[in-house]
Amino acid sequence: MRHALIFILVGLISATILSAQSVAPNSYWVKLKDKKGTPYLISQPETFLSPRSIDRRKKQRIAIDETDLPVSPVYLDSLKKLGLQIVHTSKWLNGATVRTADATLIKKIATLSFVTLVQLTKPANVLKSARNKFREDEISAYDPVKYGLSINQLTQLNGQYLHNQGFRGKGIQIAILDAGFLNANTIAAFDSLHNSNRILGTRDFVDPKADIYKQNYHGMSVLSCMGGNLPGKFIGTAPDASFYLIRSEDTATEYLIEEDNWVAAAEFADSLGVDVINSSLGYDEFDDSQMNHTYADMNGKKTRVTQGANMAFQKGILVFTSAGNEGNNSWKHIIAPSDGEDVIGVAAVDKNGTRATFSSVGPASDGAVKPNVAARGFQTALIISNGSLGYASGTSFSSPVLAGMGACLLQANPSADVKMLKQAIEQSASQYNNPDSLLGYGIPDFELADKYLKINLVSYSNWKSSWAVSPNPFTDFLYARNLNAETAENYLVSLYNLQGFCLWQSSFKSEGAILLKNLANLPRGFLILSIRSGKKEERIKLIKIAP
């Protein structure tokens with residue numbers, strides 16, 4: 001009888017556990033049809049964007065549009081009233097991540113007039129991921145020279161050129177989207193950040209109640225590549241920059257929800273007004289194989305995380321991501337969002353500039369050059385997981401090494417927009433004229449990148465041109481319209497590269513508008529349009545892109 005009672009009790013306990021498991025919530029992406037009912041107005045961006053975010057758009061002449069408007073609270077309220085928990089939203093992609101354990105409710109949600117898609121992004125009952133998301137071949141080491149361990153990864157990019165001029169990222173805000181920042185609040189390499197209040201804030205999109213300083217070490221190591229500072233021992237590539245530390249990655253599992261976490265995190269960073277995003281994260285395969293991406297998905301704009309990364313760039317943020325560590329496995333290819341058409345995907349090289357074999361290969365599935373560029377990612381000097389100085393390998397670290405230099409370049413060229421900066425970084429790289437699928441355009445040279453931005457462009461920022469020229473960027477034609485009533489007998493119109501070589505030239509009679517045709521064969525990159533009439537000349541910066 002006693003044994004029977006024990007059996008019954010055990011059975012009841014088991015049933016209770018199973019019942020508890022059965023009601024655990026799944027996570028879903030809910031795509032919304034529009035933004036009807038929103039109380040926000042494009043004409044009043046201060047209600048949903050910070051002054052710094054608005055100023056960044058103004059500086060780069062980026063219009064505030066409907067994608068900037070928050071998701072309709074009317075729709076969100078409707079979802080909540082039906083019983084859904086709203087985890088976070090995406091204004092750029094117009095949707096929400098929600099949770100519920102009620103499968104019948106999800107079927108009902110899918111039929112709502114304002115819902116266009118419902119997709120499972122994380123099941124309630126998960127298995128611990130068998131995948132090792134990050135490379136962990138750490139080596140403790142110490143070699144005291146001027147920049148300590150970090151000297152090679154700086155000089156390989158000719159980054160000392162900017163550092164020696166005092167451009168070390170001061171005034172530039174960088175958001176790091178990662179998996180955690182273990183002990184970054186106590187490690188000595190970050191004392192200068194904390195003492196000068198340059199850790200501007202933190203946010204956790206995986207578990208809002210968690211302490212990001214007690215999570216995974218990976219983001220801490222990434223931070224050290226840029227903001228670490230131990231004079232005489234180790235200096236990051238942007239030691240004077242300011243940082244937001246944001247967790248979007250759950251290292252315990254790998255599900256599609258992490259892409260939506262990433263987009264929400266990027267939107268948060270945008271709303272704060274950051275200048276640069278570094279994301280040493282990427283996605284291709286998941287613990288649920290039905291969520292897996294294919295190589296065909298790596299076309300620069302398909303996955304949600306890639307769409308979010310592209311949108312961040314279009315809002316005026318310079319976006320750097322790891323190309324991936326898939327070179328030695330069956331996938332081999334770049335991973336999302338490094339495939340993004342507006343994203344700087346970064347491959348890994350060793351101290352000699354030789355590609356690390358683990359570095360993911362391109363191109364993007366649509367044929368675009370990927371990865372874009374490369375930096376030190378094999379035995380990169382950084383703060384390793386135990387808080388000491390050492391080396392670790394992965395494109396996780398080549399990306400922030402480069403992102404830090406991107407911040408320094410922006411500081412040196414505050415009038416440059418993200419399109420100029422991205423183009424200058426690529427155009428300065430070692431194999432720009434002959435890119436490949438391993439290192440893309442190669443290893444950038446930040447002295448060249450800086451000069452590309454300054455030649456004939458610094459004074460331009462103060463010019464008030466009497467000509468309106470479009471499109472810009474252009475492919476095979478240009479249309480120039482004279483904004484003044486004043487005319488001349490004729491115009492000599494020329495196109496120059498940044499080295500001052502004339503690539504195209506033609507004469508036009510006095511007209512209010514000029515059409516320049518057959519320009520498809522001009523080289524890609526920054527060009528200068530010169531319109532000369534007598535002794536008067538105007539120069540206009542342009543970007544030539546592939547047809």
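N94 is tucked away in this predicted model: the residue is buried, with a relative accessible area of 8%. That value sits under the 20% cut-off for calling a residue buried. N94 belongs to the loop between β2 (85-90) and β3 (95-100), and its backbone has a quirk, since phi is near 55°, a positive value in a residue that isn't glycine. For context, most residues other than glycine have a negative phi, and most peptide bonds are trans.

A second asparagine shows a positive phi too. N518 has a phi of about 60°, again without being a glycine. This residue is found in the loop between β21 and β22 (525-533). As for its surroundings, N518 counts as exposed, at 72% relative accessibility, because the cut-off for that label is over 50%. So one of these asparagines, N94, is buried, while N518 is exposed.

The loop holding N518 starts from β21, and that strand is part of a little story of its own. Three strands, in the order β17-β18-β21, make up an open sheet with antiparallel pairing. At its edges are β17 (467-470) and β21 (513-516), each of which pairs on one side only. On average, neighbouring strands here are turned by 15° against each other, if direction is ignored. In general, strands of a sheet pair through backbone hydrogen bonds, either parallel or antiparallel. Between β18 (residues 478-482) and β21, which run antiparallel, there are 4 bridges. Looking across from β18 to β21, R481 is found opposite A513.

Back to backbone oddities, this time at prolines. The peptide bond leading from A336 to P337 is cis, and its omega is near 10°. P337 sits in the loop that links β12 (318-322) with β13 (344-349). Another cis bond runs from K370 to P371, with omega near -10°. The loop in question for P371 is the one between β13 and β14 (373-376). Strand β13 therefore borders both loops: the P337 loop comes before β13, and the P371 loop follows β13.

Finally, there is a helix that hardly shows itself. Helix α8 (residues 218-227) has 10 of its 10 residues buried, so the helix is largely enclosed by the rest of the structure. The buried residues of α8 run from H218, G219, M220, S221 and V222 on to L223, S224, C225, M226 and G227.

Methods:
Residues numbered from 1 in each chain as written. Predicted model: local features only at pLDDT ≥ 70, side-chain atom pairs only at ≥ 80, totals over all residues. Heavy atoms only, no water. Pairing = 2+ DSSP bridges. Helix = DSSP H or I, 4+ residues; strand = E, 2+ residues; numbered from the N terminus. Axes fitted to C-alpha atoms, helices over the stretch in contact; angles between N-to-C directions. Buried < 20%, exposed > 50% of the residue type's maximum accessible area, 1.4 Å probe, protein only.
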